[in-house]
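Let's read this two-chain model together, one feature at a time. Keep the structure viewer open as we go.

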Amino acid sequence: MRFPLDRFRTVLAMARPSFYASDMSSDSAPAPQQPDLAAAPPGLAALFLAFAGMSLAGFGGVLVFARRAIVEQHRWMTADEFNETFALCHFLPGPNIVNLSMVFGSRLRGIAGGVAAFAGLLLPPTLIMMVLAIAYAHFGDLEVLRRILAGISCAAIGLLIAVVLRMMTPLLKRTDPLPVFLMLGVFLTVGVLRLPLQAVLLVAIPVSVGVTYFLRRKVAA
Amino acid sequence: MNGQSPIWSLISTFGLMSLFAVGGAAAAVPEMHRIAVEVNHWMTDRQFTDAYAIAQLSPGPNVLIVTLIGYAVAGIPGALAATLAMCLPTALLAYYVSRLLNRPRESRWPGVIQAALVPLSIGLMAASALILAQSAERTIAALLLTTMVAVIASISRINPLWLLLAGGLLGFAGIV
């Protein structure tokens with residue numbers, strides 16, 4: 001689990017009410033090219049390799065590399081199509097970039113394309129992770145490795161705190177306190193009281209959707 | 001889940017968890033910790049934070065900490081089962097929804113729901129940070145390092161990988 005910078009950017013964008021209305025079209029403005037209809041849809045092997053490449057390059061966030069490869073390098077989709085598809089994947093539960101690989105692949109080459117992209121994204125890093133897991137099982141108790149991992153853990157937690165702080169800023173700047181209360185409520189119930197995620201979300205999601213809907217209507221009126 | 005094979009426990013646990021993973025992998029860390037450390041005792045606190053650190057440092061999607069949890073439970077088959085259970089159900093869901101809903105912008109509801117999930121995701125990620133910090137080393141030097149990285153990453157655009165490597169180096173030098 002790396003520093004989720006993509007998520008941070010996306011969520012920041014979405015925290016603005018105008019996200020759907022204008023941000024997507026303005027985001028697509030610097031990329032005026034039409035989808036390259038002359039280019040044949042990529043083969044399954046090409047899809048697999050492209051997603052494997054993005055995944056292995058993705059130390060600082062796979063999404064950045066996915067956008068670069070799909071929109072700019074291969075021109076498989078326009079920036080608009082990319083944004084729409086990503087918005088859909090972000091709205092659904094589960095690891096977004098994984099959802100994205102399946103949806104992208106299947107839009108280009110049907111379900112087989114989806115599976116090829118999904119496998120390309122996951123297979124190489126999963127193999128790496130298994131090698132690391134085996135190494136950890138053998139050497140995890142070595143004193144020197146313990147110290148190194150302790151240092152990396154501290155840095156990783158620091159990075160996560162930084163992401164949370166950056167994401168929180170736009171929320172705190174807005175005038176309505178309800179989203180902040182919801183955020184604190186989730187933090188306390190899950191982080192401090194350690195209640196199960198499902199139980200918390202089954203209450204928090206309907207409440208938050210209701211609050212958001214109400215606030216938007218108030219703004220519109 | 002008593003009496004069931006560990007592979008099946010992994011599949012049912014992570015398959016269910018993925019459906020509630022709003023806000024992605026970092027937001028699911030508290031639930032992973034609760035299940036793997038507190039409920040099932042698959043890992044110790046230390047092993048869990050180590051897994052988080054290793055997953056941060058390796059390439060690939062954020063979610064692959066489940067590969068390490070799965071391996072700790074049931075070796076290679078466990079690693080594969082946990083990874084697929086966490087990734088495949090929601091990917092298939094996304095596939096079907098994308099076929100139904102070709103143009104999500106036409107309805108206002110996806111926008112409302114997305115905006116509604118933002119504060120919840122942030123709350124969950126803050127909970128992740130708290131739980132990981134409580135499970136990690138709690139020396140003064142460790143707290144100082146965590147704070148410094150948080151500050152540096154907040155005010156600069158430095159590649160996070162460098163900060164992770166710096167943390168590892170400080171650990172290696174025996175400072176943390």
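**Reading the model step by step**

Q: Where does Ala137(A) lie?
A: Before we begin, note that this is a predicted model. Ala137(A) is found in helix α6 of chain A, which covers residues 96-139.

Q: And how is Ala137(A) classed: buried, exposed or partly exposed?
A: The idea is to count neighbours: a residue is buried with 20 or more other C-beta atoms within 10 Å, and exposed with 12 or fewer. Ala137(A) has 14 C-beta neighbours inside 10 Å, so it counts as partly exposed.

Q: How far apart in space are Ala137(A) and Leu108(A)?
A: Here you set sequence separation beside distance in space. Ala137(A) and Leu108(A) are 29 residues apart in sequence, and their C-alpha atoms are 41 Å apart. Now try another pair: Leu215(A) and Leu178(A) are 37 residues apart along the chain, with 9.5 Å between their C-alpha atoms. Leu215(A) belongs to helix α9 of chain A, residues 197-220. With 18 other C-beta atoms within 10 Å, Leu215(A) is partly exposed.

Q: What is chain A built from, helices or strands?
A: Start with the element count, then look at burial and contacts. Chain A has nine helices and zero strands. Of its 221 residues, 46% count as buried. Among contacts in chain A with a separation of 6 or more, 60% join residues 24 or more positions apart.

Q: How many helices does chain B have?
A: We can go through the same steps. Chain B has seven helices and zero strands. Of the 176 residues of chain B, 59% count as buried. For chain B, residues 24 or more positions apart make up 61% of the contacts with a separation of 6 or more. The C-alpha trace of chain B spans about 55 × 45 × 25 Å along its principal axes.

Q: How many residues does the contact take from each chain?
A: In general, the size of an interface is often given as the accessible area lost when the parts come together. Here we can use residue counts: 92 residues come from chain B and 91 from chain A. Several helices of chain B give two or more residues to the side that touches chain A, including α1 (6-19), α2 (24-39) and α4 (65-100). The largest share of that side, 23 residues, comes from α5(B). By residue type, the side of chain B that touches chain A divides into 62 nonpolar, 24 polar and six charged.

Q: At what angle do helix α7 of chain A and helix α3 of chain B cross?
A: For a helix pair, look at both the distance and the angle between the axes. The axes of α7 (residues 143-173) of chain A and α3 (residues 45-57) of chain B come within 9 Å and cross at roughly 75°. Angles of 65 to 115 degrees count as roughly perpendicular, so α7(A) is roughly perpendicular to α3(B). Leu149(A), Ile152(A), Ser153(A) and Ala156(A) in α7(A) meet residues of α3(B), among them Thr49(B), Tyr52(B) and Leu57(B). The residues of this contact are six nonpolar, three polar and one charged.

Q: Which residues touch the most other members of the largest nonpolar core?
A: To read a core, look for its best-connected members. This core has 127 residues, and those touching the most other members are Leu160(A), Ile65(B), Leu68(B), Ile69(B), Met125(B) and Ala129(B). The core draws at least three residues from each of domain 1 (5-173) and domain 2 (175-221) of chain A. Leaving out residues up to four places away in sequence, Met125(B) touches Leu160(A), Val163(A) and Val164(A), along with Gly23(B), Ala26(B) and Ala27(B).

Key:
Residues numbered from 1 in each chain as written. Chains lettered and ligands numbered in written order. Predicted model: local features only at pLDDT ≥ 70, side-chain atom pairs only at ≥ 80, totals over all residues. Core = buried A, V, L, I, M, F, W, Y, C linked by C-beta atoms within 7 Å. Domains from an automatic or database assignment. Contact = placed C-beta atoms within 7 Å. Axes fitted to C-alpha atoms, helices over the stretch in contact; angles between N-to-C directions. Helix = DSSP H or I, 4+ residues; strand = E, 2+ residues; numbered from the N terminus. Parallel < 35°, antiparallel > 145°, perpendicular 65-115°, else oblique. Nonpolar A, V, L, I, M, F, W, Y, C, P; charged D, E, K, R; others polar.
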